[in-house]
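Got your viewer open? Let's take a walk through this one together, stop by stop.

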Amino acid sequence: MLNGISLFANIGIAELSLPKTKINISLANEIDPKRVNIYKKLHPKVDVIEGDISKKFIFSQLSRQKYDFVISTPPCQGMSTAGKMDKLDPRNHLIKYSIDLIKKTNPKYIFHENVPGQDNTKIYLKGNTVSIDKYIRQELAENYKIVSQKVDMSKFGIPQARKRSIYLMTRKDLKKDWLFPNYSKFEKTLFEIIGSFPSLDPKISDKDVDTIDYFPHYFKKVEKAIQISEFHTPLS
């Protein structure tokens, strides 16, 4: 069993499938309280520390224990083409805290992910500017074997064409390297993935209206749907 930490965890979508494996998230960190509440519902067995990783108290809590692996997915708004791409955006510098935690806890494996623009995004370091790609390598290459790719997720059978910049890092004392899997032979559409799922009726949130009055098969549909997936349910 590998035990790890998820940084900038959001609501925990990245680790939804891990409970079915021998990979376990033991601790997570997220700054937004609403996201933390959802994370706790999706991952009730994971300890979640709510707060800003750049604050000494939060960072000290996160770095107290050792981890087999680290998932690092800092905010992308400051480096995404959909955002302002402000070189001074403080969110771009949050990776420094991921790196600091990695250097302090010395995990076996690291998964770092963001938008493709992160590789060339500049951050300030000791009065100079350096790209995030160069920063990762100069800080970790001594102790870690680093492989990186700009990944088109549709090439791995995932029905989404957006690209991601992913770094897989393996501590150098380990014999087995963490490498990217081979591309899937077949790209799949969203319909091919979920087109066979049973339909659902919406849940009416108005307290004065009973959902069953409008959708008499609501509960039967939900019962059938959750047999396919616990997440195939109407929004509450």
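**Start at a strand pair**

Select Ser148 and look across to strand S9, where its bridge partner is Tyr167. Keep in mind as you go that this is a predicted model. The two strands you are looking at, S8 and S9, pair in the antiparallel sense, with nine bridges between them.

Now colour the whole of S9, residues 163-171. Eight of its nine residues are buried, so S9 is largely enclosed by the rest of the structure. On to another partner of S9: strand S5, residues 109-114, runs antiparallel to S9 and is joined to it by six bridges. Two pairs to click on are Phe111 with Leu168 and Ile110 with Met169.

**Step back to the sheet**

Which order do the strands of the open sheet follow? Show all seven and read across: S3-S2-S1-S4-S5-S9-S8, with mixed pairing. At the edges stand S3 (47-50) and S8 (144-152); each has a single partner strand, so one side of each is left without a neighbour in the sheet. Turn the view a little and you may spot the twist: neighbouring strands are turned by 15° against each other on average, ignoring direction.

Next, select helix H1, residues 33-42, which packs on this sheet. H1 touches S1 (2-7), S2 (23-30) and S3, and its direction makes about 180° with that of S3.

**Helix H3 and a hidden space**

Move to residues 95-105, helix H3, and pick out its buried residues: Ile95, Ser98, Ile99, Leu101, Ile102 and Thr105. Why do they sit on the same side of H3? They cover an arc of only 165° around the axis, which puts them there. A bit of background helps: an α-helix has 3.6 residues a turn, so residues three or four places apart point the same way. Just after H3, click on Asn106, which takes a positive phi of about 55°.

Stay here and switch on cavities, if your viewer can. The structure holds two of 30 Å³ or more, and the second largest has about 30 Å³ of space. To find that second largest cavity, select its lining: Ser72, Ile95, Ser98, Ile99, Ile102, Ile110, His112, Ile136, Leu140 and Met169. The elements giving two or more residues to this lining are H3, S5 and helix H4 (132-140). Which element gives the most? H3 does, with four residues. You have already met Ile110 and Met169 as bridge partners, and both are in the lining here.

**Helix H7, two faces**

Now jump to residues 218-225, helix H7, where Tyr218, Val222 and Ala225 are the buried residues. They cover an arc of only 65° around the axis, which puts them on the same side of H7. Spin the helix to see the face turned away from that buried side: here are the exposed residues Phe219, Lys220, Glu223 and Lys224. What covers the buried residues of H7? Part of the cover is helix H6, residues 211-214.

**Zoom all the way out**

Finish with the whole protein chain in view, with its seven helices and nine strands. Its C-alpha atoms fill a box of roughly 65 × 45 × 40 Å along the principal axes. Of the 236 residues, 38% count as buried. As for contacts with a separation of 6 or more, 59% are between residues 24 or more positions apart.

How values were computed. Residues are numbered from 1 along each chain as its sequence is written. This is a predicted model: local features need pLDDT of at least 70, side-chain atom pairs count only at pLDDT 80 or more; totals for chains, interfaces and linings use all residues. Side-chain values use heavy atoms; hydrogens and water are left out. Buried means under 20% relative accessible area, exposed over 50%, partly exposed in between (1.4 Å probe, protein chains only). The arc is that of the directions from the helix axis to the C-beta atoms. Two strands pair if DSSP finds at least two bridges between them. Axes are lines fitted to C-alpha atoms, for helices over the stretch in contact, and angles run from 0 to 180 degrees between N-to-C directions. Contact means heavy atoms within 4.5 Å. On a 1 Å grid over the protein atoms alone, a cavity is a set of points where a 1.4 Å probe fits but cannot get out, and a pocket is an open set with protein on both sides within 12 Å along at least five of seven lines; lining residues have an atom within 4 Å of a point. Grid points are joined across faces, edges and corners, and a volume is the space filled by probe spheres set on the points.
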